[in-house]
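Dear colleague,

I am passing on the structure below for your own inspection. My notes on helix packing follow it.

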Amino acid sequence: MTKNSNLSIDLKKIRQDFPILNEKVYGKPLVYLDNGATTQKPKQVIETVDNIYRQKNSSIHRGIHYLSDQMTEAYEEARDTVREFINADSTTEIIFTHGTTSSINAVAFSFGEKYISEGDEIIVSEMEHHANIVPWQMLCKRKHAHLKVIPFDDKGELDLSEYKKLINEKTRIVAVTQASNSLGTINPVKEIIDIAHAKDIPVLVDGAQIIQHGNVDVKALDCDFFTFSGHKVFGPTGVGVLYGKEKYLEEIPPYQGGGDMVDCVTFKKTTYNELPYKFEAGTTNYPGAIGLAEALKYVKNIGIEHIIEHEHALQQYTTKKLEEIDGVRIYGNADNKICVFSFLIENVHPYDAGMVLDKLGIAVRTGTHCTQPVMEHFNIDGTIRASMVFYNTFEETDMLVEGIHRIKKMFAN
Amino acid sequence: MFEDWLDKYDYLIELGNELPEISDQFKTDEYLINGCQSKVWLNAEYKDGKVYYQADSDAIIVKGIAALLVKTLNGETPDDIINTELHFIDKIGLKQNLSPTRSNGLLAMVKKMKLFAIAYKAKN
């Protein structure tokens, strides 16, 4: 709770690794509190990607030449780094996509083709990002299935007793986020999975907001699908991961057709490549995948336990500081939270607040954060969101607090 | 530098507060320009060959920019409004507020102001 907690994380050194954190905006040092939207990149990642385009670039899986062999090897090594990071059994279960959104869309399409028919039910939660709502709605429309929603309470915690009531013999899949991007809630996904598995129902976990904050172990969770984006875990944008249990990935059809995902193509019949290539049609974002692997190595090097420790202290400190300000209300007060703070200042529109914070060099996000149902729950149009990661400091919280005081003064009439 | 911006925003807040209240009958969904971030309401009236606007927003700085736009175009003829280019927004450093990605309703407001002018021109 104190500013001087004895942390085993060298923030000064870490911040040196992120060139953008030393930039100025409007002549002021950048205070980057929009990590929920995207995270910044350490030089190790930037240099890895830069180096690929300077010295190593070549299309993977197709070449007969030196560069292509090297690139293919690096790409497959990246797959293994991802596998290790999330503790999956095999690289055949790791598919590179464009990001969380495309991973969820892939499952909604492919799983839907195989397993969803008229009258079936799909369960999501009220706090999902639009990316974990809309693909399922599209599937429901296509197959005449129904979407069921687990509600959350005013603290921002899921109502598991309601969830147990929603699950029935028509339920085909459950899709929930492990951490909410707008409320910060860390959901008890293990419990959610166990309840579904007791009825043989598979679960997809949206890991977009947990991968940068906590321990991810797909084997311990026993989730059937897990999705995340590279850019939210200090890696490049345009690359993401879909983890799926082999038994499902073998059974469900590919969602895109093209090069590399096929075994044999004739105009009469095409047979598909084996896993994971069956789900990687076309030239993939291999520099992105390799950059992502570098980012995961960077995170591992700092140590997840150190990240959790620092962020916990930061979360406690920031919560206390925000709660101390008269007229500030935090939305999302779950017991178990990531370092995300959605809040409103009394009588100030979040957009106005965001505009002033911007000119102070403080980057936050305002609006609905792609979670309109969450805003509807609280009957508000949007919030100001400060989202922090391991490179954020207690001093940055102080600057945010100071900014809020200035805003209160500006709009005080 | 921030102090300059503070002054600018203070001025916009003032303009926003001074903007005559839009009548309740126009503060409905029919007159709403829904940005994802903030809402803007706009109505126009035609009198003696000239267009007069009324606007409102739930965000006060946005309302201030709306007031600037209303001040600039109020009392002009439909032709002048249709042909005007709002370079001054750019010049005073508020261009980003009229970017399509900001989705605060202001860009759509400018479009709708011109549409009102086009409609009045066609009618008369």
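**Helix packing around α10(A)**

Helix α2 (residues 43-56) of chain A and α10(A) pack with their axes 8 Å apart at an angle of about 155 degrees, which makes α2(A) roughly antiparallel to α10(A) (angles over 145 degrees count as such, under 35 as roughly parallel, 65 to 115 as roughly perpendicular and the rest as oblique). This is a predicted model, in which local features need pLDDT of at least 70 and side-chain atom pairs count only at pLDDT 80 or more, while totals for chains, interfaces and linings use all residues. Residues are numbered from 1 along each chain as its sequence is written, and chains are lettered from A and ligands numbered from 1 in the order in which they are written.

Axes are lines fitted to C-alpha atoms, for helices over the stretch in contact, with angles from 0 to 180 degrees between N-to-C directions; helices are DSSP runs (H or I, at least four residues) numbered from the N terminus. The crossing of α2(A) and α10(A) is right-handed (the near helix is turned clockwise from the far one by less than a right angle, anticlockwise being left-handed). Among the residues in contact (C-beta atoms, placed from the backbone, within 7 Å) are A:Val49 and A:Ile52 of α2(A) and A:Ile290 and A:Ala295 of α10(A).

Helix α3 (residues 66-86) of chain A and helix α10 (residues 286-302) of chain A have axes that come within 9 Å and cross at roughly 40 degrees, so α3(A) is oblique to α10(A). This crossing is left-handed, and its contact includes A:Met71 and A:Phe85 of α3(A) with A:Ile290 and A:Leu296 of α10(A).

Best regards

Definitions and conventions
Helices (H or I, at least four residues) and strands (E, at least two) are DSSP runs, numbered from the N terminus. Two residues are in contact if their C-beta atoms, placed from the backbone, lie within 7 Å.
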